[in-house]
Structure formats: structure tokens, C-alpha cells
Amino acid sequence: MSTGTVRDDNTTRDGAPAAPGGLQQGLKRRHMQLIALGGVIGAGLFVGSGVVIRSAGPAAVLSFLAAGVLTVLIMRMPAEMTVARPALGSFYAHVRETLGLRAGFTVGWLYWYFFVIVVAVEAVAGGRIVQLWLPDVPLWAVSLVLMTLLTATNMVSARSYGEFEYWFSSVKILAIVVAVVLAGYELRRRKGPADAV
């Protein structure tokens, strides 16, 4: 019995025939890379970080950097636990193994609850951005349309979801690069030619 992933020609990587109705690999490496990168860039980044930087100043960037380092360290911990003790399931499986069934159950449902809330918050933040171009449309309607479009995209197929996320993440990354370049240009312009020397 083969355990390899299914290819387009209905065989696994080692050439064995795939089981009928088995899982197929719909996402490519480029999809996975941009989904990981774009997944951390939400509408909240554009809306929330601007508010924080405006009220706290440039020191907010240091707090963002510290939180980023902490997040990377925390994400490496489940990766190491998964390599040391592979388990079927998400990180809650490790919690269940080490802290017990109740803790694993609680962490799993808290994770689900967190993402239910995050989807709504991201839809409202995205709606506020879209409302800059459509000021006459109510915020709830824009947010509802965004949630409907994103839900529909997620329910079609893995490959279409991967393509959508790939291009959407590319747009988000491009927007960040353009914002940084424009901010640098604006700072340089405000400084003036006499101060630049």
C-alpha cells in the first residue's frame, strides 16, 4: 500500500496507482509560499497598524518587531513537537497529549472561535478600505459581500483557492512595498534638499 501523494496521472510519487476517490494534491509550492506569507497580511495590518503608528509614533515599529520575533519562536515550537512526536491533527493534538483531553478540547474550540472572530474583523476592516472608493455603500453591505466572496472562493476547490490566494497575496505584498516606497519618498521630500546634505 502506497502512502505517497496523488499526482495528476492518478499515481502516487513512487508510481503506484492511487486509490479511487483518494486525496489529490491541488496546491503547488508557489501557492503554499504565498498563502503562508499573505496569511499574516490582513486588512487589519493596513487599518490597525496605521492607527497604532499614528498614536504611538515610530516606537510602535519596535513593538511590532518584538511581537514578530515572539511569533516566530512560538511557531517553531509546534514544528519541533510535530517532528519529535508526529500526531494526527493540528497543534491541539500536542496539547491533548501533554495536558490532557480537556485542555486539547478547549484549545481546539478556542482556535475555531478565534478564526470565526478574525474573519468578521477582517471583513469589517476590508470593508472600511473598500468604502474609501464606495463611500455611499453601507459598511455592513461591503463586509457581507467580502465575506461571501471569500467563503465562495474557499469552497470551490483547493487549486482555485490556491490561485486566488496567490494573486491576492501578491497584491497585498505589492501594496506594502508601494506604501513603504511612497512613505520614504514623502519623508525625503519633507526633509528638503537643504537638509539632505
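**Close-up views of the predicted model**

**View A. Y166 is buried in this predicted model, at a relative accessible area of 18%.** Buried here denotes under 20% relative accessible area, exposed over 50%, and partly exposed the range in between, with a 1.4 Å probe and protein chains only. By this scale the residue next in sequence, W167, is exposed, with a relative accessible area of 53%. The charged end of R30 sits over the ring of Y166, at 4.5 Å from the ring centre. A charge is taken to sit over a ring if NZ of Lys or CZ of Arg is within 6 Å of the ring centre and within 35 degrees of the ring normal. Residues are numbered from 1 along each chain as its sequence is written, and side-chain values use heavy atoms, with hydrogens and water left out. The model being predicted, local features need pLDDT of at least 70 and side-chain atom pairs count only at pLDDT 80 or more, whereas totals for chains, interfaces and linings use all residues.

**View B. Helix α1 (residues 29-39) has H31, L34, I35 and G38 as its buried residues.** These residues lie on the same side of α1, because they cover an arc of only 105° around the axis. The arc is that of the directions from the helix axis to the C-beta atoms. The face turned away from this buried side carries the exposed residues R29 and A36. Helices are DSSP runs of H or I with at least four residues and strands are runs of E with at least two, both numbered from the N terminus.

**View C. Residues S169 and V171 of helix α7 are shown with their surroundings.** Helix α7 spans residues 158-195. S169 counts as buried, with a relative accessibility of 0%. Apart from neighbours within four places in sequence, S169 is in contact with L34 and G38, where contact means heavy atoms within 4.5 Å. L34 and G38 are among the buried residues of α1. V171, by contrast, is exposed, at a relative accessible area of 53%. A separation of 9.2 Å lies between the C-alpha atoms of V171 and G38, although these two residues are 133 residues apart along the chain.

**View D. Aromatic pairs in the model number six.** Rings of Phe, Tyr and Trp (its six-membered ring) pair if their centres lie within 6.5 Å; planes under 30 degrees apart count as stacked, over 60 as edge-to-face and the rest as tilted. By this rule the count comes to six aromatic pairs. One of them joins Y111 and F115 edge-to-face, with 5.0 Å centre to centre and 80° between the planes. Because Y111 and F115 are four residues apart in helix α5, about one helical turn separates them. Y111 is partly exposed at 40% relative accessibility, and F115 is also partly exposed, at a relative accessible area of 37%. Y166 and W167 form another edge-to-face pair, 5.0 Å centre to centre and with 85° between the planes. In addition, ring pairs link F105, W109 and W112 into a cluster.

**View E. Helix α5 covers residues 101-130.** Its 30 residues reach 43 Å from the first C-alpha to the last, close to the 44 Å expected at 1.5 Å a residue. The expected span is 1.5 Å times one less than the number of residues in the helix. G104, A123, A125, G126 and G127 are buried in α5. G126 has a relative accessibility of 12%. The C-alpha atoms of G126 and L146 are 7.6 Å apart in space, while the two residues are 20 residues apart in sequence.

**View F. S143 lies in helix α6 (residues 139-156).** At 7% relative accessibility, S143 counts as buried. Not counting residues up to four places away in sequence, S143 touches A123, V124 and G127. Of these partners, A123 and G127 belong to the buried residues of α5.

**View G. The setting of these views is a protein with seven helices and zero strands.** Along the sequence the pattern reads α-α-α-α-α-α-α. Of the 197 residues in the protein, 17% are buried. Among contacts between residues at least 6 apart in sequence, 40% join residues at least 24 apart. The accessible surface comes to about 15200 Å², and 71% of that area belongs to carbon and sulfur atoms. Accessible areas come from the Shrake-Rupley method with a 1.4 Å probe, and for residues only the protein chains shown count as cover.
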